[in-house]
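Trainee: I would like to go through this structure piece by piece. Can we start with a single residue and work outwards?

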Amino acid sequence: MNFVKSFLKFSLVGLSALAVSSLVACNNGSDTGKASASSGGDNTLIGAGSTFVYPLFSKQFAEYNKETGLRVNYQSIGSGGGIQQLTHKTVDFGDSDAPLNEEQTNQMGTPVLHIPMCSGAVVITYNLANLKDTLKLTPEIMANIFLGKIKAWNDPQIASANAGVQLPSTPIVVAHRSDGSGTTNIFTTFLSKVSPQWNTNPGKGSSINWPIGLGGKGNEGVAGLVKQTPGAIGYVELAYAIQNKMAFAKVQNKAGNFIVPSVLSTKAASNVQLPEDSKVSLSNTDASDGYPISGFTWALIYKEQKYDNRSEDRATKLLKLLWWNIHDGQKFCEGLNYAPLSPAAVTVAEKILNSATYDGKPVLQ
């Protein structure tokens, strides 16, 4: 069974994130709940976080299991949930589509490494049954829709960007994330860069006070809301829109070009020089062919791996898994609509992984 497609299908009929993660564990050969992040001697690693990267992780971890026998139980609960689980040391790694902020860093209490896994596009998807054309949306239009200032699909602002398109008078229903979300961080960071009003209020973050709309949990929850609600508009990772055959918009970038979200346009946006800690925003790219609502996703681990009776063997397995992800695992990115890391990004990721220690000594020798 292709469990990535199956997950995305099942999510639209209302499975909870926890139930979905249990399905994934079974598909990966894992035994949910039988391993803990501090236990040694078992052959299961536990991760939690981003739903944005879930389709890719599902494939990567299944392939890694075939090659090595190592099981990975990844719980798709949102970036905020993954950060919380890592803070409590109940997982081996978290994953987030936004770097830790100052408060989250302080709560960790010890250095956390950010290892880039890939980059992806956050697409604006909509449900207009009789509209066959791909809509064009400007930054101003998107901000005004999600602020609640544009209320119907035939609004003059939308019509002006879509000459010749027959727009219905259908009311717009906004769908957004209800949980702490790196996808939300990517989207709201973009809106804050392009809209002074949005930047003032509600602003950017993984969890904000939305001016309007319905909340769904995870990318799968927002995709479900949009697909089930006539006139709805929302934001999801590209893979979710494609797998569910959902319409998504061309978005105008800083250069004035309307860009289709794709692996190529995401690659163009992510072709940047990463800082040593890899923390960088890709939104509102300067690249003329780059999709403007793009972002990295990061695996998060403690720099010092000797904690809570954690074994050196467990730390080594974790580091080897993440090393494989940024090398051999990258070949699965494009087929699932993610942009693989550039050679320069891989070099940065290697240095970060090599800095991880166990009892003060490098884990990867």
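Trainee: Which helix is Thr 189 found in?

Mentor: This is a predicted model, in which local features need pLDDT of at least 70, side-chain atom pairs count only at pLDDT 80 or more, and totals for chains, interfaces and linings use all residues. Residues are numbered from 1 along each chain as its sequence is written, and side-chain values use heavy atoms, with hydrogens and water left out. Helices (DSSP runs of H or I, at least four residues) and strands (E, at least two) are numbered from the N terminus. On that numbering, the helix that holds Thr 189 is α8.

Trainee: Is Thr 189 buried or exposed, and at what relative accessibility?

Mentor: Buried means under 20% relative accessible area, exposed over 50%, and partly exposed in between, with a 1.4 Å probe and protein chains only. Thr 189 counts as buried because its relative accessibility is 9%.

Trainee: Which residues is Thr 189 in contact with, leaving aside neighbours within four places in sequence?

Mentor: Contact means heavy atoms within 4.5 Å. With those neighbours set aside, the contacts of Thr 189 are Thr 184, Lys 204, Ser 281 and Ser 283.

Trainee: How many of the 13 residues of α8 are buried?

Mentor: The buried residues of α8 include Gly 182, Asn 185, Phe 187 and Ser 192. The helix is largely enclosed by the rest of the structure, because the number buried among its 13 residues is eleven.

Trainee: How far does α8 reach from its first C-alpha to its last?

Mentor: The expected span of a helix is 1.5 Å times one less than its number of residues. For the 13 residues of α8 this comes to 18 Å. The model is close to that, with a reach of 19 Å.

Trainee: At what angle do α6 and α8 pack?

Mentor: Axes are lines fitted to C-alpha atoms, for helices over the stretch in contact, and angles run from 0 to 180 degrees between N-to-C directions. Helix α6 covers residues 139-147 and α8 covers residues 182-194, with their axes 10 Å apart. Their packing angle is about 115 degrees.

Trainee: How do the residues of the contact of α6 with α8 divide into nonpolar, polar and charged?

Mentor: Pro 139, Met 142, Ala 143 and Phe 146 of α6 meet Phe 187, Phe 190, Leu 191 and Val 194 of α8. Ala, Val, Leu, Ile, Met, Phe, Trp, Tyr, Cys and Pro count as nonpolar, Asp, Glu, Lys and Arg as charged, and the others, Gly among them, as polar. The division is no charged, no polar and eight nonpolar.

Trainee: Which residues does Leu 191 touch, not counting those up to four places away in sequence?

Mentor: Leu 191 lies in α8 and is buried, with a relative accessible area of 0%. From C-alpha to C-alpha, Leu 191 and Pro 139 are 7.2 Å apart, although 52 residues separate them in sequence. The residues that Leu 191 touches are Met 142, Ala 143 and Trp 198.

Trainee: What separates the C-alpha atoms of Gln 252 and Pro 139 in space?

Mentor: Gln 252 lies in strand β10 (residues 250-252) and is partly exposed, at 21% relative accessible area. Among the residues it touches are Leu 137, Pro 139 and Pro 292. Gln 252 and Pro 139 are 113 residues apart along the chain, and their C-alpha atoms are separated by 6.7 Å.

Trainee: Which residues does Gly 80 touch, not counting those up to four places away in sequence?

Mentor: Gly 80 has its place in helix α4 (residues 79-87). Gly 80 counts as partly exposed, at 28% relative accessibility. The elements that cover the buried residues of α4 include α8. Gly 80 itself touches Gly 180 and Ser 181.

Trainee: Is α13 roughly parallel or antiparallel to α14?

Mentor: Angles under 35 degrees count as roughly parallel, over 145 as roughly antiparallel, 65 to 115 as roughly perpendicular and the rest as oblique. The axes of α13 (residues 312-326) and α14 (residues 343-354) come within 10 Å and cross at roughly 175 degrees. That angle makes the pair roughly antiparallel.

Trainee: What percentage of the residues in the chain is buried?

Mentor: The chain has 14 helices and 14 strands. It has 365 residues, and the buried share is 58%.
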